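Student: I am new to this structure. Could we go through it one piece at a time?

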Amino acid sequence: MDGLPIEHADRTGRRYIICVDDDRALLDGLTQQLEGAFSATHDIEATESAQEALDLIDQVYHDDDVVEMVISDQVMPGMKGDELLTSIHSKYPKVITVMLTGQAGLDSAIHAINNAGLSRYLVKPWNDDEFLMTIRELLENYYLEEENARLFKELQLAYQHLRDTQEQLIHSEKLAIVGKLTASIAHEIRNQLTILGYAEVIKMAVPDNRQVGKYVQNILATRNRILSIVDEIRQFARNQIQTYEKSPFQLTEVLDTALSIIGYDKEAKRRTIEKDYQISPLLTMNRDKIIQVIINLFRNAVQATTDDGTITVRVSENQHHVLIDIVDDGCGISSDQIEAIWQPFFTTKGEQGTGLGLDICKRIIEGHNGHISCQSKVGVGTTFTIELPFDD
Ligand SMILES: Nc1ncnc2c1ncn2[C@@H]1O[C@H](COP(=O)(O)OP(=O)(O)OP(=O)(O)O)[C@@H](O)[C@H]1O
Ligand SMILES: [Mg+2]
């Protein structure tokens, strides 16, 4: 057969053809013939016994090379050819096995076809050209099979990749739909809120009633808070990085305020809360947003810990940043979820969580030119680290 892929087979190590025959003269004839045809691509080895052949094969594989074919005589002292090929086939099933036999040995050859995955048997005496052609054909099939296996693997990988991409697409599609929905709801709420402006009119209608004045004040303050939440939701839906009004605040004072708000929480009250403020810089920030981040992280820490748990707030620094660590000794996060926790709507809390807490934290910190990261070990605990740039 022409156009052999033999020379092009993609292999870096050495490839062997091993001949086994106890008759030295026959063995020499055989190897010479094979060397004439395949010495450019293969190492041809001659062995005089089955055991010698088995040792050599183990050695070749030990050296990370490959035996592609074993050609064995059937009738040999000690282990016969069919036994040898059976044993090779069970240990190295990819090796091509060829048996040489006289007319009398045909039964063993058929036995070997069934048990040794025998690729071919040749009845002595054979025609030299036919012999070489047979060997070529066998090698060629071997490479085609290898190539098929490689293509199959590539196909499987491509398929896996396609599935992953599809899943990502579906995920972002879902987010886009949620985004649109959220934007229209936010828009509607904003419209409806204008009615609360009439509270001012009520106040003007009863200017002397202090009680009404107080209620109106509360209504308007609440309306403003709802407006600011709605604006935030709209920005979230549009996937914008928020820009906030910022002014300088003492970081530890801001953290203390967040901790005092958290202190109202029944569950948080049962945790030991430790403060480790190593520095107390003045930082330009949106105070309310930073408080929101700390509350979110704290709430997660409380939910991850039991009553004897400890949550630590640490403020330290590296070369360019202030570091705020929220450390808990709770359940921890497994490594296969550690990336996912930042995705909006990822939650392990079922109905109890919406999975937006960390996404909001990340947006707020990025809106402060900062960075937030997480390190965690299951059963040991979790540390969230916020890095914020120092003021110039
Ligand atoms: N300190 C922590 N310890 C262990 N797991 C945590 C911790 N913080 C976050 N997680 C994991 O990350 C997930 C996402 O957190 P995230 O705050 O975004 O949403 P959530 O807490 O589930 O819901 P919510 O929107 O109410 O905050 C949590 O469900 C939890 O599995
Ligand atoms: Mg949360």
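Tutor: This is a predicted model. In it, helix H8 (residues 251-262) packs with helix H10 (residues 287-304), their axes 9 Å apart and at an angle of about 50 degrees.

Student: Is H8 parallel, perpendicular or oblique to H10?

Tutor: The angle between H8 and H10 is about 50 degrees. Angles under 35 degrees count as roughly parallel, and 65 to 115 as roughly perpendicular. The angle fits neither range, so H8 is oblique to H10.

Student: Is the crossing of H8 and H10 left-handed or right-handed?

Tutor: The residues that meet there include Val 254, Leu 255 and Ala 258 of H8, and Ile 290, Ile 291 and Ile 294 of H10. As H8 passes H10, the crossing is right-handed.

Student: What is the order of the strands in the open sheet?

Tutor: Five strands form this sheet, and their pairing is parallel. Strand E2 (43-47) and strand E5 (120-123) are the edges, each pairing on one side only. From one strand to the next, the twist averages 20 degrees. The order is E2-E1-E3-E4-E5.

Student: Over how many bridges do E1 and E3 pair?

Tutor: Strand E1 (residues 15-20) pairs with E3 in the parallel sense. Tyr 16 has Val 67 as its bridge partner in E3, and Val 20 stands opposite Ser 72 in E3. The number of bridges between E1 and E3 is six.

Student: Which residue of E2 stands opposite Val 20?

Tutor: E1 also pairs with E2, in the parallel sense and over five bridges. In E2, the residue opposite Val 20 is Thr 47.

Student: How many of the six residues of E1 are buried?

Tutor: A residue is buried if 20 or more other C-beta atoms lie within 10 Å of its own. E1 is mostly covered. The number of its residues that are buried is five.

Student: At about what angle does helix H2 run to E1?

Tutor: Helix H1 (residues 24-38) lies across E1, E2 and E3, and its direction is at about 175 degrees to E2. Helix H2 (residues 50-62) lies across E1, E2 and E3 as well. Its angle to E1 is about 170 degrees.

Student: Which residue is covered by the annotation "modified residue: 4-aspartylphosphate"?

Tutor: The annotation comes from UniProt, where the entry is unreviewed. The residue lies in strand E3 (residues 66-73). The annotation covers Asp 73.

Student: Why does Asp 73 count as buried?

Tutor: Beyond its neighbours within four places in sequence, Asp 73 is in contact with Val 20, Asp 21, Asp 22, Gly 81 and Leu 100. For a residue to be buried, 20 or more other C-beta atoms must lie within 10 Å of its own. Asp 73 counts as buried because its C-beta neighbours inside 10 Å number 24.

Student: Is Arg 120 buried, exposed or partly exposed?

Tutor: Arg 120 has its place in strand E5. Leaving aside neighbours within four places in sequence, its contacts are Val 98, Thr 134 and Leu 138. Buried takes 20 or more other C-beta atoms within 10 Å, and exposed takes 12 or fewer. Arg 120 has 17 such neighbours, so it counts as partly exposed.

Student: What distance separates the C-alpha atoms of Arg 120 and Ile 71?

Tutor: Along the chain, Arg 120 and Ile 71 are 49 residues apart. In the model, their C-alpha atoms are separated by 9.4 Å.

Student: Is the peptide bond from Lys 124 to Pro 125 cis or trans?

Tutor: Most peptide bonds are trans. Pro 125 lies in the loop between E5 and helix H5 (128-193). The bond from Lys 124 to Pro 125 has omega near -15 degrees, and it is cis.

Student: What is the phi of Asp 64 near?

Tutor: Asp 64 is in the loop between H2 and E3. It counts as exposed because it has 9 C-beta neighbours inside 10 Å. Most residues other than glycine have a negative phi. Asp 64 is not a glycine, yet its phi is positive, near 65 degrees.

Student: Where is Asn 369?

Tutor: Asn 369 is not a glycine, but it has a positive phi of about 60 degrees. With 11 other C-beta atoms within 10 Å, Asn 369 is exposed. Its place is in the loop between helix H11 (357-366) and strand E11 (371-377).

How values were computed. Residues numbered from 1 in each chain as written. Chains lettered and ligands numbered in written order. Predicted model: local features only at pLDDT ≥ 70, side-chain atom pairs only at ≥ 80, totals over all residues. UniProt positions renumbered as here; feature names shortened; annotations may be inferred. Helix = DSSP H or I, 4+ residues; strand = E, 2+ residues; numbered from the N terminus. Contact = placed C-beta atoms within 7 Å. Pairing = 2+ DSSP bridges. Axes fitted to C-alpha atoms, helices over the stretch in contact; angles between N-to-C directions. Parallel < 35°, antiparallel > 145°, perpendicular 65-115°, else oblique. Left-handed = near helix turned anticlockwise from the far one by under 90°.
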